[in-house]
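User: Got a minute to walk me through this one? I'd like the fold and then a few residues.
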Amino acid sequence: MLNNKRIIEKPWGYEIIWAETKDYLGKMLYIEEGNRLSLQYHEEKEETILVLSGKLELVSSKAGSKMALETLVLEEGDTYHVTPYTIHRFCATQGTDVKLAEVSTNFLEDVVRVEDDFDR
């Protein structure tokens with residue numbers, strides 16, 4: 001069965017939703033160098049990312065703490081799993097554009113923004 005993909009423009013770049021069912025979602029995120037997504041968390045959504053290209057600066061809450069944040073730099077081939085209520089932010093601030101693959105549960109509207117560069 002042929003699946004229709006959707007391209008969604010974002011202030012930090014764009015994403016392509018390439019798989020969507022009632023249970024899961026597959027998308028590609030293209031983050032332009034110098035941009036970052038919202039500092040956010042999800043109440044239900046669970047997601048795993050794979051860095052396809054670039055260097056991703058990942059800010060996330062430490063295990064067991066909702067407020068203490070740590071920063072990791074992920075490179076091509078690295079993966080990271082985000083569980084519900086984990087505060088996180090994906091950043092292309094290491095001198096490169098970043099391309100990510102993401103698979104997640106299908107809760108597209110489940111975004112609680114803690115901080116946002118674009119006043120959303």
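Analyst: Sure. One term before we start: buried means under 20% relative accessible area, exposed over 50%, and partly exposed in between, with a 1.4 Å probe and protein chains only. At 2% relative accessibility, Val98 counts as buried.

User: What kind of model is this, and how are residues numbered?
Analyst: This is a predicted model, where local features need pLDDT of at least 70 and side-chain atom pairs count only at pLDDT 80 or more, while totals for chains, interfaces and linings use all residues. Residues are numbered from 1 along each chain as its sequence is written, and side-chain values use heavy atoms, with hydrogens and water left out.

User: OK, back to Val98. Where is it, and what does it touch?
Analyst: Val98 is in strand E10; strands here are DSSP runs of E, at least two residues, and helices are runs of H or I, at least four, numbered from the N terminus. Contact means heavy atoms within 4.5 Å. Leaving aside neighbours within four places in sequence, the contacts of Val98 include Leu29, Ile31, Leu56 and Cys91.

User: How far is Val98 from Tyr41?
Analyst: Their C-alpha atoms are separated by 20 Å, and the two residues are 57 apart along the chain.

User: Which strands make up the sheet, and in what order?
Analyst: The order is E1-E2-E3-E10-E5-E8, six strands in an open sheet with antiparallel pairing. Two strands pair if DSSP finds at least two bridges between them.

User: Which ones are at the edges?
Analyst: Strands E1 (6–10) and E8 (79–82), each with a single partner strand, so one side of each has no neighbour in the sheet. From one strand to the next, the twist averages 20 degrees; the axes are lines fitted to C-alpha atoms, for helices over the stretch in contact, and angles run from 0 to 180 degrees between N-to-C directions.

User: What's going on around E3?
Analyst: Six of the eight residues of E3 are buried, so the strand is largely enclosed by the rest of the structure. E2 and E3 run antiparallel and are joined by seven bridges, and a hairpin of three residues connects them. On its other pairing, E3 goes antiparallel with E10 over eight bridges. Leu25 is a handy marker: it stands opposite Glu20 and also opposite Ser104 in E10.

User: And how many bridges between E5 and E8?
Analyst: Four, again in the antiparallel sense, with E5 covering residues 47–53. Glu47 stands opposite Val82 in E8.

User: Switching topic: which residues have the most contacts inside the largest core?
Analyst: Ile31, Ile49, Leu56, Leu74, Phe90 and Leu100, in a nonpolar core of 15 residues. A nonpolar core is a set of buried Ala, Val, Leu, Ile, Met, Phe, Trp, Tyr and Cys residues joined through side-chain atoms within 4.5 Å.

User: Which elements feed it?
Analyst: E3 (24–31), E5, E6 (56–61), E8 and E10 (98–105) each give two or more residues. Apart from that core lies another, of five residues, among them Leu39, Val59, Ile87 and Cys91.

User: How many aromatic pairs are there?
Analyst: Two. Rings of Phe, Tyr and Trp (its six-membered ring) pair if their centres lie within 6.5 Å; planes under 30 degrees apart count as stacked, over 60 as edge-to-face, and the rest as tilted. Tyr14 and Tyr30 are stacked, at 4.5 Å centre to centre and 15 degrees between the planes. Tyr14 is in E2 and Tyr30 in E3, 16 residues apart. Tyr41 and Tyr85 are stacked too, at 5.8 Å and 25 degrees.

User: Is Tyr85 buried, exposed or partly exposed?
Analyst: Partly exposed, with a relative accessible area of 40%. Tyr85 lies in the loop between E8 and E9, and its phi is near 70 degrees, a positive value in a residue other than glycine. For background, most residues other than glycine have a negative phi.

User: Last one: what does the His42 side chain do?
Analyst: It makes a polar contact with the side chain of His88 at 3.4 Å. That term means a pair of N or O atoms within 3.5 Å; within protein, one must be able to donate a hydrogen and the other to accept it, and residues adjacent in sequence count only if both atoms are side-chain atoms. The backbone oxygen of Asp110 lies 2.5 Å from a polar atom of the His42 side chain. His42 sits in the loop between E4 and E5 and is buried, at 2% relative accessibility.
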